[in-house]
Amino acid sequence: MNYSHVTYTHSYQLSEENLLKESYSYYQKLNHRRSVRFFSDKPVSELVIQNLIMAASTAPSGANKQPWTFCAISNPEIKKQIRAAAEEEEFKSYNGRMSEEWLRDLAPLGTDWKKPFLETAPWLIVVFKRAYEYDTANKKHQNYYVNESVGLACGFLLTAIHEVGLVTLTHTPSPMDFLTKILNRPENERPFLLLPIGYPADDATVPDIQRKPAEEVVAWYK
Ligand code: IYR
């Protein structure tokens, strides 16, 4: 069945001058986003988390399949299990699984296998990609561009979290299949990204990294 088409309405069109101003200030705003590893345990309400997830879920997706599930976890017992399992994998990664070059690249960031933020942050969001779907007759249906779609949704989630003054970290313990087991997810779902979310700790620090300048990022073809 085809969709009916409705008129596209966008709330504003900026003057050229304001377009320049707004695009610059949006860049400045996003440029303040940082991956934060030190969280306050100050609670964040469930409705806030739901709004942030629904903002993420507005991302475009292949054939509009929206191939994602966001698990929102505040249960301390589950967070504890996730931390223990993640640290077990990370310990192995930092002590033999990652290459020398990888460890050298990470050294300036000061990361290690310990992940206390998985318990401190009031919420963990585990994003699952849905490789395929089952209909009510248990027939399998494919999804499209699943990694791209879920990656975009995660990008939306990160910008939404930043916009409301909360912080997060794109944490990817590897391998991540322990999340499927702990959260009891169905076999058509695969863990994609683990995000602690909350307020930054009062004494939170971030590494003093630099972003590439425009000349290194943009290739113009005018
Ligand atoms: N997943 C590990 C290691 C790690 C890997 C990369 I690439 C990073 O940019 C940061 C960390 C961890 O979370 O510590």
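**Exercise 1. Locate R130 in this predicted model and describe its surroundings.**

Solution. R130 is part of strand β2. The next step is to examine its side chain, which forms a polar contact of 2.7 Å with the side chain of E133. Beyond its neighbours within four places in sequence, R130 is in contact with P67, W68, T69, N143, V146, N188 and E189. One of these residues, V146, is a buried residue of helix α6.

**Exercise 2. Establish whether H141 is buried or exposed, or falls in between, and identify its partners.**

Solution. Begin with the position: H141 belongs to strand β4, which spans residues 140-142. Its relative accessibility is 33%, and the range between 20% and 50% is termed partly exposed, so H141 is classed as partly exposed. Next, consider the contacts. With neighbours within four places in sequence set aside, H141 touches Y132, E133 and D135. The side chains of H141 and D135 are joined by a polar contact of 2.8 Å. Finally, consider a distance along the chain: H141 and A160 are 19 residues apart in sequence, and 31 Å separates their C-alpha atoms.

**Exercise 3. Compare the span of helix α6 with the expected value, and determine what its buried residues pack against.**

Solution. Helix α6 covers residues 146-163, a total of 18 residues. From first C-alpha to last, the helix reaches 26 Å, close to the 26 Å expected at 1.5 Å a residue. The buried residues of the helix are V146, S149, V150, A153, C154, L157, L158, A160, I161 and H162. These buried residues pack against two helices, α1 (16-31) and α2 (46-56), and against the strands β1 (68-73), β2 (123-130), β5 (167-168) and β6 (189-198). Just after the helix, G165 adopts a positive phi of about 85°.

**Exercise 4. Describe the largest nonpolar core and state which element contributes the largest share.**

Solution. The core contains 23 residues, and the members that touch the most others are I49, F70, I125, V127, L157, L195 and I197. Two or more residues come from each of α2, β1, β2, α6 and β6. Helix α6 supplies the largest share, with eight residues. A second core, of 20 residues, lies apart from this one and includes I73, L124, L169 and F178. To follow one member of the largest core in detail, take I197: outside its neighbours within four places in sequence, I197 is in contact with F39, I49, A121, P122, W123, I125, I161, L166, V167 and T168.

**Exercise 5. Characterise the surroundings of the ligand and the polar atoms that approach its oxygen atoms.**

Solution. The residues around the ligand are E90, Y94, W102, L106, D112, K115, H171 and T172. Among them, E90 places a polar side-chain atom 3.1 Å from a ligand oxygen atom. For Y94, an N or O atom of the side chain is 2.5 Å from an oxygen atom of the ligand. For K115, a polar side-chain atom lies 2.5 Å from a ligand oxygen atom. On its own, the ligand has 370 Å² of accessible area, of which the protein covers 68%.

**Exercise 6. Find the loop residues with positive phi, Q66 and N184, and examine the peptide bond from S174 to P175.**

Solution. Q66 lies in the loop between α2 and β1. Its phi is near 45°, a positive value in a residue other than glycine. Q66 has a relative accessibility of 34% and therefore counts as partly exposed. N184 occupies the loop between α7 and β6. Although N184 is not a glycine, its phi is positive, at about 60°. N184 is exposed because its relative accessible area is 65%, and the cut-off for exposed is over 50%. The peptide bond from S174 to P175 is cis, with omega near -5°. P175 itself lies in the loop between β5 and α7 (178-182).

**Exercise 7. Summarise the overall architecture of the protein.**

Solution. The protein has eight helices and six strands. Read from the N terminus, the order of elements is α-α-β-α-α-α-β-β-β-α-β-α-β-α. Its C-alpha atoms fill a box of roughly 55 × 55 × 40 Å along the principal axes. Of the 222 residues, 34% are buried. Among contacts with a separation of 6 or more, 80% join residues 24 or more positions apart. The accessible surface comes to about 14,900 Å², and carbon and sulfur atoms account for 54% of it.

How values were computed:
Residues are numbered from 1 along each chain as its sequence is written. This is a predicted model: local features need pLDDT of at least 70, side-chain atom pairs count only at pLDDT 80 or more; totals for chains, interfaces and linings use all residues. Side-chain values use heavy atoms; hydrogens and water are left out. Helices (H or I, at least four residues) and strands (E, at least two) are DSSP runs, numbered from the N terminus. The expected span of a helix is 1.5 Å times one less than its number of residues. Buried means under 20% relative accessible area, exposed over 50%, partly exposed in between (1.4 Å probe, protein chains only). Contact means heavy atoms within 4.5 Å. A residue is near a molecule or strand if one of its heavy atoms lies within 4 Å of it. A polar contact is a pair of N or O atoms within 3.5 Å; within protein, one must be able to donate a hydrogen and the other to accept it, and residues adjacent in sequence count only if both atoms are side-chain atoms. Accessible areas come from the Shrake-Rupley method with a 1.4 Å probe; for residues, only the protein chains shown count as cover. A nonpolar core is a set of buried Ala, Val, Leu, Ile, Met, Phe, Trp, Tyr and Cys residues joined through side-chain atoms within 4.5 Å.
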